[in-house]
Amino acid sequence: MGYKLMRMRKYYDVLRANKPFFKTNLMQKKKIFLNILRYFKNKGKIIIKNKPVVAQIESSSNCNLRCKMCIRPKIGLPIGNLSFENFKKILDKLDSLFKIHLQGQGEPFMNPELFEMIEYANKKGIVVMLNTNATLLTKENIEKICKTEIGGISISIDSVKKEKYENIRRGAKFERVLENVKLLTSELKKKKKTTIVSFAVVILKDNFEELEEFVDLAERLGVQRILFQTIQTKEDYINKYDNETKKQIGLEKEKIKNKIEKIKKLGKNKKITVVFDQPKSNGCIWPWRSIYITWNGYVTPCCKILDYRKPYFGNILKQDFWEIWNGKEYQMFRKLLKQRKAPLACKGCNMV
């Protein structure tokens, strides 16, 4: 009961800070709230009656960088942008969403219709989140950001050192990214926007000794939060990593934990929140709470399953939602994860 109350409070806090939710009509508010209640009631069941509470919708699989850890080019899937018309169709089917992450394997700002999608989601009372490499945070895009309601923008950055950063995020210019982030936080503050700007940092052997320095960089640029996560260790990822990337795996869990605790203390002194994405004691909840949808409509239960062909769950633009959501593959995933067993596509994931 304590865990459920904690989760309910978390949703309540985000809803309270979500201006689009309070501006939407009473019917939509009720629909979102009732779906959250159904989620708690159906969690753990194989066939469920709630719709997803959270969706990660890939606005674009195009990217302007060639990051070292990225295996997107090695999967062999079509590259493209989600159209605004298809986005509307998806949201009309997922009509009780609480939050969406408009991101996937590409850079969201590569999609010319991104802001139309954000505005459409705003009208439905949905919290919108974005993850970006910050290279396309131009003055024009920042002006558009300030005219919409975005709950949070995470900046992918894995080093505070120019040479190391540009070696990881190949194609990006370190100084330009810092200038863009500073301009973003300054304009958001000037316009009195509540958007939370975060650093999203992948912990690597190469950047481990400099992790504390992200706190100082965040303070200097006006960033409010730092999100740390370890490099992905699912088997299908490791099989596609190059030898240099494979060497970044293997840091001791206790060593990482101690480092994060130290960084949290530094962050507290500077009023910067530090979050570490670590395994949940209750296991993976994605197939009950969340859904991942590619730019061309294909469904997977998780953002870490990059190849929608293996296993195949369906296409939300071509099929009935409930046919997919309670289909054979989803039922199998829920059954295995309930037993704390990893489906083949999840092998090596530390969330199982």
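Below are three short exercises on this predicted model, each with a worked solution.

Local features need pLDDT of at least 70 and side-chain atom pairs 80 or more, while totals for chains, interfaces and linings use all residues. Residues are numbered from 1 along each chain as its sequence is written, and side-chain values use heavy atoms, without hydrogens and water.

**Exercise 1. State how many helices and strands the protein chain has, and judge its compactness.**

- Count the elements: 15 helices and nine strands. These are DSSP runs, helices being H or I of at least four residues and strands E of at least two, numbered from the N terminus.
- Take the radius of gyration over C-alpha atoms: 20 Å. The globule rule is 2.2 Å times the number of residues to the power 0.38.
- For 352 residues the rule gives 20 Å, so the chain is as compact as a globular protein of that length.

**Exercise 2. Find how much of the protein chain is buried.**

- Set the cut-off: buried means under 20% relative accessible area (1.4 Å probe, protein chains only).
- Apply it: 54% of the 352 residues count as buried.

**Exercise 3. Trace the open sheet, then locate its edges and the partner of β1 residue A55.**

- Read the order: β7-β6-β5-β4-β3-β2-β1-β8-β9, with mixed pairing. Two strands pair if DSSP finds at least two bridges between them.
- Find the edges: β7 (273–277) and β9 (299–300) each have a single partner strand, so one side of each lacks a neighbour in the sheet.
- Go to β1 (residues 54–57): it pairs with β8 (residues 290–293) in the parallel sense, over four bridges.
- Pick the bridge: A55 is partnered by I291 in β8.

Note on methods
Buried < 20%, exposed > 50% of the residue type's maximum accessible area, 1.4 Å probe, protein only.
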